[in-house]
Amino acid sequence: MNNENQTIRGIDVDLICEFFLNTQRQGPGNPEATLRALSFIDGLTDDSRIADLGCGTGGQTMTLARHAPGHVTGLDFYPGFIERFNANARGANFGDRVKGVVGSMDDLPFREGELDLIWSEGAIYNIGFERGLREWRRYLRPGGFLAVTEASWFTDERPAEIHDYWMEMYPGIDTIPGKVAQVQRAGYLPVATFVLPENCWTEHYYAPLAKARELFLRKYAGNATAEELVAFQRQEEALYDKYKAFYGYVFYIAKKMGV
Ligand code: SAH
């Protein structure tokens with residue numbers, strides 16, 4: 001896919017991706033959370049097919065591949081991330097068991113019923129939670145699993161400042177019971193739900209981001225677009241710090257019902 005002229009909130013996508021090439025992961029999460037989600041999934045074998053959609057450079061994919069049998073395909077629409085992903089996979093000696101492909105999560109290169117497990121951390125929001133669940137379902141075999149993280153409200157009420165922020169950024173955010181109902185309506189059995197611990201945001205996401213920003217600002221000193229990206233990240237982090245009692249990422253693990 002060609003990212004030319006694409007923007008996210010007015011900021012050039014290539015610049016955003018270049019920034020994130022300097023970080024090990026591109027969204028909140030940590031290896032313990034990945035493994036905890038994996039612990040709810042059974043029936044995987046050496047022949048299993050696993051897809052990690054919106055894999056980025058593959059931080060969580062490598063954790064997954066180290067602990068799950070079968071073949072793992074990481075998919076992301078940004079070629080720079082997939083190059084890094086494949087270099088990481090080679091470095092970890094996965095052979096041909098793990099590979100990254102460039103593609104879009106709204107047009108998956110898999111056959112119907114081919115997958116035993118669909119994974120996606122911090123990425124399904126790009127096409128929307130409910131839409132992703134419904135559209136990806138056909139690629140799972142009956143009884144196959146899905147494990148995704150998604151931004152969720154922890155309470156029914158929340159301060160206007162953080163509510164308005166999310167309505168602008170991602171109005172699809174909902175409460176945990178609201179998301180679980182969507183999982184069920186999309187044709188899955190909700191299997192488990194847990195909140196990602198705070199260090200998934202602080203230690204494993206915002207701290208590496210702050211380091212990457214130092215390098216980035218040195219390279220792009222005076223570049224208005226780069227400074228805007230940095231300002232946006234700082235605002236997001238400050239809001240998380242202020243309002244983390246009201247929202248966070250939640251892992252939803254589900255099993256495909258029916259055929
Ligand atoms: N799963 C990784 C990356 C999360 S960031 C992690 O947790 O660290 C979200 C990722 O989704 C980015 O790598 C972005 O390039 C990718 N993405 C966004 N829209 C996409 C789409 N339509 N198809 C495939 N990947 C997409």
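These are my notebook entries on a ligand site, a pocket and two asparagines in a predicted model.

**Entry 1: the ligand**

I began with the residues around the ligand and counted 17 of them. The closest are Gln26, Gly54, Asp76, Met105 and Glu121. I then sorted this shell by class: 9 residues are polar, 5 are nonpolar and 3 are charged.

Next I looked up which atoms of the protein and the ligand pair up. The side chain of Asp76 has an N or O atom 2.6 Å from an oxygen atom of the ligand. For Met105 the partner is in the backbone, where a polar atom lies 2.9 Å from a nitrogen atom of the ligand. Ser104 uses its side chain, with a polar atom 3.3 Å from a nitrogen atom of the ligand. How much of the ligand does the protein bury? I found that the ligand taken alone exposes 570 Å², and that the protein buries 92% of that.

**Entry 2: the second largest pocket**

I moved on to the second largest pocket, which holds about 340 Å³ of space. It is lined by 22 residues, and those closest to its centre are Gln24, Arg25, Pro31, Gly59 and Gln60. Which elements give two or more residues to this lining? I noted helix H2 (31–38), helix H3 (59–67), H4 and helix H8 (202–219). By class, I counted 12 polar, 6 nonpolar and 4 charged residues in the lining of this pocket.

**Entry 3: Asn30**

I found Asn30 in the loop between helix H1 (13–20) and H2. Is Asn30 buried or exposed? Its relative accessible area is 3%, and buried means under 20%, so Asn30 counts as buried. I also looked for a partner of its side chain. The side chain of Asn30 makes a polar contact of 2.9 Å with the side chain of Asn199.

**Entry 4: Asn93**

My last residue was Asn93, in the loop between helix H4 (79–91) and strand S5 (98–102). I checked its backbone and found phi near 60 degrees, a positive value in a residue other than glycine. I wrote down the general rule beside it: most residues other than glycine have a negative phi. Is Asn93 buried or exposed? The relative accessibility of Asn93 is 67%, and the cut-off for exposed is over 50%, so I entered Asn93 as exposed.

To close, I set the two loop residues side by side: Asn30 is buried, whereas Asn93 is exposed.

Conventions:
Residues are numbered from 1 along each chain as its sequence is written. This is a predicted model: local features need pLDDT of at least 70, side-chain atom pairs count only at pLDDT 80 or more; totals for chains, interfaces and linings use all residues. Side-chain values use heavy atoms; hydrogens and water are left out. A residue is near a molecule or strand if one of its heavy atoms lies within 4 Å of it. A polar contact is a pair of N or O atoms within 3.5 Å; within protein, one must be able to donate a hydrogen and the other to accept it, and residues adjacent in sequence count only if both atoms are side-chain atoms. Accessible areas come from the Shrake-Rupley method with a 1.4 Å probe; for residues, only the protein chains shown count as cover. Ala, Val, Leu, Ile, Met, Phe, Trp, Tyr, Cys and Pro count as nonpolar, Asp, Glu, Lys and Arg as charged, and the others, Gly among them, as polar. Helices (H or I, at least four residues) and strands (E, at least two) are DSSP runs, numbered from the N terminus. Buried means under 20% relative accessible area, exposed over 50%, partly exposed in between (1.4 Å probe, protein chains only). On a 1 Å grid over the protein atoms alone, a cavity is a set of points where a 1.4 Å probe fits but cannot get out, and a pocket is an open set with protein on both sides within 12 Å along at least five of seven lines; lining residues have an atom within 4 Å of a point. Grid points are joined across faces, edges and corners, and a volume is the space filled by probe spheres set on the points.
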